[in-house]
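Here's a quick tour of a protein model, pitched for someone just getting started. Keep the structure open while you read, and find each spot as it comes up.

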Amino acid sequence: MTTFPPIEELLLHRDNMLLLKEVTAFSDEAATCLSIPDADAWYAAAADRAMPAWIGIELMAQAIAAHVSLLARRDGKTPKAGVLLGTRDFRAAQPTFAGGRPLLVHASQSFRNADGLASYDCRIESEQGEELAAAALTVYEPDNFEQFISGITD
């Protein structure tokens with residue numbers, strides 16, 4: 001069994017914005033991560049203490065970030081900050097993910113260019129393999145993140 005670095009070493013997210021627990025699988029093209037929605041988290045709906053399914057987009061984005069970080073580490077590079085540019089065809093089989101129920105978040109790279117633009121096909125599954133959500137995400141890893149951000153906020 002392969003052991004991966006703690007998720008805190010792979011992602012810049014912290015505290016209640018770090019929604020993944022660990023990486024469970026990794027290859028050149030894909031990563032799978034574990035998430036366990038917290039019934040007491042900021043996103044938990046009062047009525048059912050569940051995670052809204054639309055937060056699945058963030059789960060997918062964090063799985064992509066974990067994949068990119070592991071690729072950089074493997075190549076002896078420092079991971080860079082990136083941004084989510086867009087989501088296509090998001091669909092969820094249910095409106096929420098139950099608190100305490102493990103989710104497997106898969107991110108499979110379908111395209112990447114030398115400029116840092118990439119596309120991933122993502123899905124979220126239950127532990128039993130039932131597809132709960134899916135989408136295609138487009139991400140960008142600029143050479144200079146601060147310059148990129150300041151360029152879109154000026």
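**A tour of the pockets, a helix and some loops**

Sorted by class, the residues lining the second largest pocket come out as 5 nonpolar, 4 polar and 5 charged. Before going further, keep in mind that this is a predicted model. The bullets below start with that pocket and then move on to its bigger neighbour in the ranking, a helix, two loop residues and the cysteines.

**The second largest pocket**

- This pocket holds about 290 Å³ of space.
- Its lining is made of 14 residues, and V68, A72, K77, K80 and E141 are the ones nearest the centre.
- Two elements, α2 and β6 (103-112), each give two or more residues to this lining.
- The top contributor to the second largest pocket is α2, with 3 residues.

**The largest pocket**

- Now for the largest pocket, which has a volume of about 460 Å³.
- You'll find 23 residues around it, with H13, A65, K80, A81 and G82 lying nearest its centre.
- Four stretches hand over two or more residues each: α1 (7-10), α2 (56-74), β4 (83-92) and β8 (131-140).
- Which element gives the most to this lining? That's α2 once more, with 7 residues.
- As for chemistry, the lining of the largest pocket splits into 13 nonpolar, 4 polar and 6 charged residues.
- Look out for K80: it is listed among the residues nearest the centre of the largest pocket, and it also appears in that list for the second largest pocket.

**The helix α2**

- Helix α2 is 19 residues long, and from its first C-alpha to its last it reaches 27 Å. That is close to the 27 Å you'd expect at 1.5 Å a residue.
- Is α2 mostly covered or mostly open? It's mostly covered, with 14 of its 19 residues buried.
- Here's a handy rule when you look at any α-helix: there are 3.6 residues a turn, so residues three or four places apart point the same way.
- Just past the end of α2 sits G76, which takes a positive phi of about 75°.

**Two loop residues with positive phi**

- D15 sits in the loop between α1 and β1 (22-26). Its phi is near 50°, a positive value in a residue that isn't glycine.
- Is D15 buried or exposed? D15 counts as exposed because its relative accessible area is 71%, and the cut-off for exposed is over 50%.
- R49 belongs to the loop between β2 (30-35) and β3 (51-52). R49 is another residue other than glycine with a positive phi, this time near 55°.
- With a relative accessible area of 31%, R49 is partly exposed.

**The cysteines**

- How many disulfides does the structure hold? The count is 0.
- C33 is in no disulfide, and the nearest cysteine sulfur, which belongs to C122, is 10 Å away. A disulfide needs the two sulfur atoms within 2.5 Å, so that gap rules out a pairing.
- C33 has 0% relative accessibility, so it counts as buried.
- C122 isn't in a disulfide either, and the nearest cysteine sulfur to it is that of C33.
- C122 is buried too, because its relative accessibility is 4% and the cut-off for buried is under 20%.

Methods:
Residues numbered from 1 in each chain as written. Predicted model: local features only at pLDDT ≥ 70, side-chain atom pairs only at ≥ 80, totals over all residues. Heavy atoms only, no water. 1 Å grid on protein atoms, 1.4 Å probe; cavity = no way out; pocket = protein on both sides within 12 Å on 5 of 7 lines; lining within 4 Å. Points joined across faces, edges and corners; volume = space filled by probe spheres on them. Nonpolar A, V, L, I, M, F, W, Y, C, P; charged D, E, K, R; others polar. Buried < 20%, exposed > 50% of the residue type's maximum accessible area, 1.4 Å probe, protein only. Expected span 1.5 Å × (residues − 1).
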